[in-house]
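Welcome! Please take a look at the sequence and the model below, and then read on for a short tour.

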Amino acid sequence: MSRKNIQVHKFGGASVSSADAVKHMATIVKNFNTNVVIVVSAMGKTTNALERLVNAYFNQDPSVEAILEEVKKYHLSIIEPLFGDAAIFNSEFDSLRKLIEEEHSLDYNFEYDRIVSFGELLSTKIVARYLQQTIPSLQWIDIRHCLKTDNIYREASVDWELSNTLVNKTFHFKDTQFYLTQGFLGSTIHNNTTTLGREGSDYTAAALAYLLEADAVSVWKDVPGIMNADPKWLPEAVSLRSLSYSETVELTYYGAKVIHPKTLRPLQLKNIPLFVRSFVDPTHPGTQIGKHGEDQGIPFYIRKENQILVTLHPQDFSFIAYENFQTIHEIFYKFRLKINLIQMSALSYSVCFDNKPEVWLSLRNTLSKSFQLKYNDNVELITIRHYTPDSIDKVISNAKVYLEQRTRVTAQFVVGPKS
């Protein structure tokens, strides 16, 4: 397959979380010597703050003003050291304020995408303006004009055919070597803003690489490549030199946060390698993901916190039957919750899933109409790929195990603190 001498580089929130981080990113970008598309996330933990803003706005909570001021103050702490004049971005904050002064619709997910998208739009405008001081030809692109999706807000799917035409028309490289755009965002054919799922900037980079037939994608993180555990949890974690697409898909399926779960498929279809690089140490080789990988078989630990474990019983104590499965999964689909673990017996059906406070009470009430229900909240789901007895003991020995499953390769445990 012919390539176009294009590379896609994605920089996450940690890479642009301060003025110094933006300056450091600029030193990395200046060394790129191909046609480049730069995909940038919201700065630091901005998405978390904007999610709180959505909740306050939708629920008419008086904390709206304080959260808005928190978001503005944080960005000003980056803008002022970079440019001196913070007023150049006043219109951006005015736009957000105007949005939350409007009466909201009855669609929470629609409002979520409208508000949370502000993080990526502001981040990329700040970074683009700074980079243009040394790369005047760099062009800022509003990805919503060319990455088109369906109207499933917060979990939109890309319209590949329409996006292919628009993306190649937009990123033509006729008068620049550098484009900079947002991750995570898209829009419907009616230009309503959508998002691609939490942490979706990796997926944006992969989608653009697929549509532009890029040579490679690099994802820049604050770790030296993909590690076999979160080093904040297990400090002895080690980085991996290479992984196959298939093993990485397995890891993301179980919740590893190294790559967005949907990222690998478009890259695999066109055999585009993905490099996970260290933003802190750009000279580190990082991890390469491709058709083949070393897949050393060392244990890989994945921890999902803030989980809910629910065990359901038919109200008439009959056997769990196909109709029960269908009812349960239809309810979870309605609430747009992904089940992370399933275990069943003749009389019970247990599921573990992410705790989303905005829907948990309604979900619990809905399930209770058809089933007897027991639950544990604030539990963790720990997954170990290529497990050994020692690896299990390392993370389970001081925990209370509510549920466990093992296959030939993977062991999973729902755990809480020992009482």
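## A pocket, a helix and three residues

The second largest pocket has a volume of about 330 Å³. Lining it are 17 residues, and those closest to its centre are Leu 99, Arg 114, Ser 117, Leu 121 and Arg 144. Helix H4 (90-101) and helix H5 (108-131) are the elements that give two or more residues to this lining, and H5 has the largest share, with seven residues. Sorted by class, the lining of the second largest pocket holds seven nonpolar, five polar and five charged residues.

This is a predicted model, in which local features need pLDDT of at least 70, side-chain atom pairs count only at pLDDT 80 or more, and totals for chains, interfaces and linings use all residues. Residues are numbered from 1 along each chain as its sequence is written, and side-chain values use heavy atoms, with hydrogens and water left out.

A few terms help here. A pocket is an open set of points on a 1 Å grid over the protein atoms alone, where a 1.4 Å probe fits, with protein on both sides within 12 Å along at least five of seven lines; lining residues have an atom within 4 Å of a point. Helices (H or I, at least four residues) and strands (E, at least two) are DSSP runs, numbered from the N terminus.

Next comes helix H11 (residues 357-368), whose 12 residues reach 17 Å from first C-alpha to last, close to the 16 Å expected at 1.5 Å a residue. Its buried residues (under 20% relative accessible area, 1.4 Å probe, protein chains only) are Val 359, Trp 360, Leu 363, Thr 366 and Leu 367. Why are they on the same side of H11? Because they cover an arc of only 140° around the axis.

Most residues other than glycine have a negative phi. Here are two with a positive value; partly exposed means between 20% and 50% relative accessible area.

| Residue | Phi | Place | Relative accessible area |
|---|---|---|---|
| Phe 184 | near 80° | loop between strand S4 (178-182) and strand S5 (185-187) | 4%, buried |
| Asn 306 | near 55° | strand S11 (residues 300-314) | 37%, partly exposed |

Finally, meet Ala 206, which sits in helix H7 (residues 201-212). Is Ala 206 buried or exposed? With a relative accessible area of 0%, Ala 206 is buried. Leaving aside neighbours within four places in sequence, Ala 206 is in contact (heavy atoms within 4.5 Å) with Thr 263, Pro 266 and Leu 267. Ala 399, by C-alpha positions, is 38 Å from Ala 206 in space and 193 residues apart in sequence.

Definitions and conventions. Grid points are joined across faces, edges and corners, and a volume is the space filled by probe spheres set on the points. Ala, Val, Leu, Ile, Met, Phe, Trp, Tyr, Cys and Pro count as nonpolar, Asp, Glu, Lys and Arg as charged, and the others, Gly among them, as polar. The expected span of a helix is 1.5 Å times one less than its number of residues. The arc is that of the directions from the helix axis to the C-beta atoms.
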